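I opened this notebook to keep track of what I looked up in the structure, entry by entry. Helices come before the pocket, and single residues are taken up along the way.

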Amino acid sequence: VTGAEGYPNLGDLRGALAYYRRARQVQERVAAARPADETAAQELAVTLDHLGMQQRVTGDLAGAVRDGRRAVAVHERLAAARPDNQTRQFNVLSSAS
């Protein structure tokens with residue numbers, strides 16, 4: 001809501017970036033504490049996707065690439081665990097683009 005490019009937002013891109021960074025920190029701790037929890041991993045991957053988009057928009061291309069690659073890696077791991085799940089397969093494609 002604060003600054004998602006291409007979606008209705010309040011225009012505060014830097015504020016959105018701060019929120020996504022905080023969410024990443026929290027979700028990294030949750031995912032590390034519960035490595036078998038696929039929901040925690042999925043939520044981390046989505047946050048990394050969004051963070052990467054915000055970093056790109058605000059000019060942090062190195063951060064966008066870093067967190068985008070991390071998102072793809074998580075999506076790939078989740079997709080490999082359930083190869084028959086089309087949503088997970090699509091998430092890999094969507095995250096990598």
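**Entry 1, helix α1.** I began with the length of α1, in what is a predicted model. The 21 residues of α1 should span 30 Å at 1.5 Å a residue, and since I find its end C-alpha atoms 30 Å apart, the two values agree. I then listed the buried residues of this helix, which are G15, A16, L17, Y20, R24, Q27 and A31. Looking for what lies over them, I found that the cover of the buried residues of α1 includes α2 and α3.

**Entry 2, Q27.** From that list I picked Q27, which lies in helix α1, and asked myself whether Q27 counts as buried or exposed. Its relative accessibility comes to 18%, and because the cut-off for buried is under 20%, Q27 counts as buried. I next asked which residues Q27 is in contact with once its neighbours within four places in sequence are left aside. They are E43, L44 and T47.

**Entry 3, the chain as a whole.** I stepped back to the overall make-up and noted 4 helices and 0 strands in the secondary structure of the protein chain, the elements running α-α-α-α from the N terminus on. Of the 97 residues of the chain, 36% count as buried. For contacts with a separation of 6 or more, I recorded that 50% are accounted for by residues 24 or more positions apart.

**Entry 4, helix α3.** I turned to α3, residues 61-81, whose 21 residues reach 30 Å from the first C-alpha to the last, close to the 30 Å expected at 1.5 Å a residue. Its buried residues are G63, A64, D67, A71, V72, V74, H75, L78 and A79. I wanted to know why they fall on the same side of α3: they cover an arc of only 165 degrees around the axis, and that puts them there. On the face turned away from this buried side, α3 carries the exposed residues A62, R69 and A80. The cover over the buried residues of α3 includes α1 (13-33), α2 (38-57) and α4 (86-96).

**Entry 5, A62 and A73.** Two residues of α3 got a closer look. A62, which lies in helix α3, has a relative accessibility of 59% and therefore counts as exposed. In sequence A62 and G52 are 10 residues apart, while in space I read 9.3 Å between them, C-alpha to C-alpha. A73 also has its place in helix α3, but with a relative accessible area of 43% I had to enter A73 as partly exposed. For A73 and V92, which are 19 residues apart along the chain, the C-alpha atoms are separated by 8.3 Å.

**Entry 6, helix α4 and A96.** In α4 I found R88, N91, V92 and S95 buried. These residues cover an arc of only 100 degrees around the axis, so they sit on the same side of α4. On the other side of α4, Q86 and L93 are exposed. What covers the buried residues of α4 includes α2 and α3. I also looked up A96, which lies in helix α4 and is exposed, with a relative accessible area of 55%. Between the C-alpha atoms of A96 and A73, 23 residues apart along the chain, the separation is 9.4 Å.

**Entry 7, the largest pocket.** Last, I asked how much space lies in the largest pocket, and the computed value is about 440 Å³. Of the 20 residues that line this pocket, those closest to its centre are D49, M53, S94, S95 and S97. Elements giving two or more residues to the lining are α2, α3 and α4, and α2 supplies the largest share, 8 residues. I sorted the lining by class as well, and this gave 8 nonpolar, 9 polar and 3 charged residues. One cross-reference belongs here: S95, entered above as one of the buried residues of α4, is also among the residues closest to the centre of the largest pocket.

Technical notes:
Residues numbered from 1 in each chain as written. Predicted model: local features only at pLDDT ≥ 70, side-chain atom pairs only at ≥ 80, totals over all residues. Heavy atoms only, no water. Expected span 1.5 Å × (residues − 1). Buried < 20%, exposed > 50% of the residue type's maximum accessible area, 1.4 Å probe, protein only. Arc of directions from axis to C-beta. Contact = heavy atoms within 4.5 Å. 1 Å grid on protein atoms, 1.4 Å probe; cavity = no way out; pocket = protein on both sides within 12 Å on 5 of 7 lines; lining within 4 Å. Points joined across faces, edges and corners; volume = space filled by probe spheres on them. Nonpolar A, V, L, I, M, F, W, Y, C, P; charged D, E, K, R; others polar.
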